[in-house]
Amino acid sequence: MPEGDSVLRVARDFRHPRWATVRLDGRRVETTVSVGKHLLTRVEGGVTVHTHLRMDGDWTVIAPGRRLPRRLHPDVRVEFATRGPDGASGPTALALRMPVVEVLATADEASVVGHLGPDVLAGAWQPVVAAERLLRDPARAEGGAARPAQRRRSRFSVSEAGAPQVTTGDTRRGRTHWVSGRTGCPCLRCGTPARVVAEVPGDPERRRTWWCPSCQPGPSPVS
């Protein structure tokens, strides 16, 4: 995804019935900001393209002159074809299987992400503030709490080459997660068999949840 590069200009193609008539041709991509699984792509003129990955969405970038495989064409929801200051074709960013696509005023971004807590990967994240918020609601599911250890693991996951979504710091096969994906297998911390529920009641994203019954409490309903 073009990020923070003011020389790129975007020509849009929204393959979404609600936004098919929106025109962003010739506008400058100012920046792309991630908030959890939300992506806010800010375009000159005070416009933001908001996408949310949920479980299946994906942004991919293809180099100039390359084409997306034909089998993936039905999956495209947004296409940003870019050009440099000299008019030459730049990379193309494509949103595939994107369940949420919205176009809104940049000034209104809080309407789609304002309800979220601090992003553990954000530079301004403050562990003391996160702890205070957690203590206000001790019954909240632990998966929603932004703790220092979670931040370290998340930063490792996005910064270490070849280590996507690694939470243990160990990139060896079968050692990348403490309990996630390890149903019936031992927790890598204490050895207790991990458990899983297909869906936490009340979770709008219907995510599976793994946990160690010795190290963690069971999943709580999402209010």
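A salt bridge is a side-chain nitrogen of Lys or Arg within 4 Å of a carboxyl oxygen of Asp or Glu. In this structure, which is a predicted model, D13, R15 and E79 are linked in a network of such salt bridges. Within that network, the side chains of R15 and D13 meet at 3.1 Å, taken from N to O. Neither partner falls in the buried class, because a residue is called buried under 20% relative accessible area and exposed over 50%, while R15 has 37% relative accessibility and is partly exposed, and D13, at 26%, is likewise counted as partly exposed.

By the rule given above, the count of salt bridges comes to five. Another of these pairs is formed by D25 and R23, whose closest N and O atoms are 3.0 Å apart; D25 is partly exposed, with a relative accessible area of 40%. A further salt bridge brings together the side chains of D75 and R97, with an N to O distance of 4.0 Å. This pair links distant parts of the chain, since D75 lies in the loop between β5 (58–62) and β6, whereas R97 lies in the loop between β7 and β8, and the two residues are 22 residues apart. R97 is partly exposed, at 34% relative accessibility. As a general matter, side chains of opposite charge can pair when their charged atoms come close.

Attention may now turn to the nonpolar residues. In soluble globular proteins, nonpolar side chains tend to be buried together. The largest nonpolar core of the model has 16 residues, and those with the most contacts inside this core are F14, L24, W59, V78 and F80. The elements that each give two or more residues to the core are the strands β3 (38–43), β4 (47–52), β6 (76–83), β7 (89–96) and β8 (100–105). F14 can be followed in more detail: when residues up to four places away in sequence are not counted, F14 touches W19, A20, V22, L24, V49, R77, V78, F80, V101 and V103. A second core, separate from the largest one, consists of six residues, including I62, L68, L72 and V76.

Strand β3 also holds a polar residue, T41. T41 counts as buried, because its relative accessibility is 1% and the buried class covers values under 20%. The side chain of T41 is joined to the side chain of T32 by a polar contact of 3.5 Å.

Key
Residues numbered from 1 in each chain as written. Predicted model: local features only at pLDDT ≥ 70, side-chain atom pairs only at ≥ 80, totals over all residues. Heavy atoms only, no water. Core = buried A, V, L, I, M, F, W, Y, C linked by side-chain atoms within 4.5 Å. Buried < 20%, exposed > 50% of the residue type's maximum accessible area, 1.4 Å probe, protein only. Helix = DSSP H or I, 4+ residues; strand = E, 2+ residues; numbered from the N terminus. Contact = heavy atoms within 4.5 Å. Polar contact = N/O pair within 3.5 Å; in protein donor to acceptor, adjacent residues only side chain to side chain.
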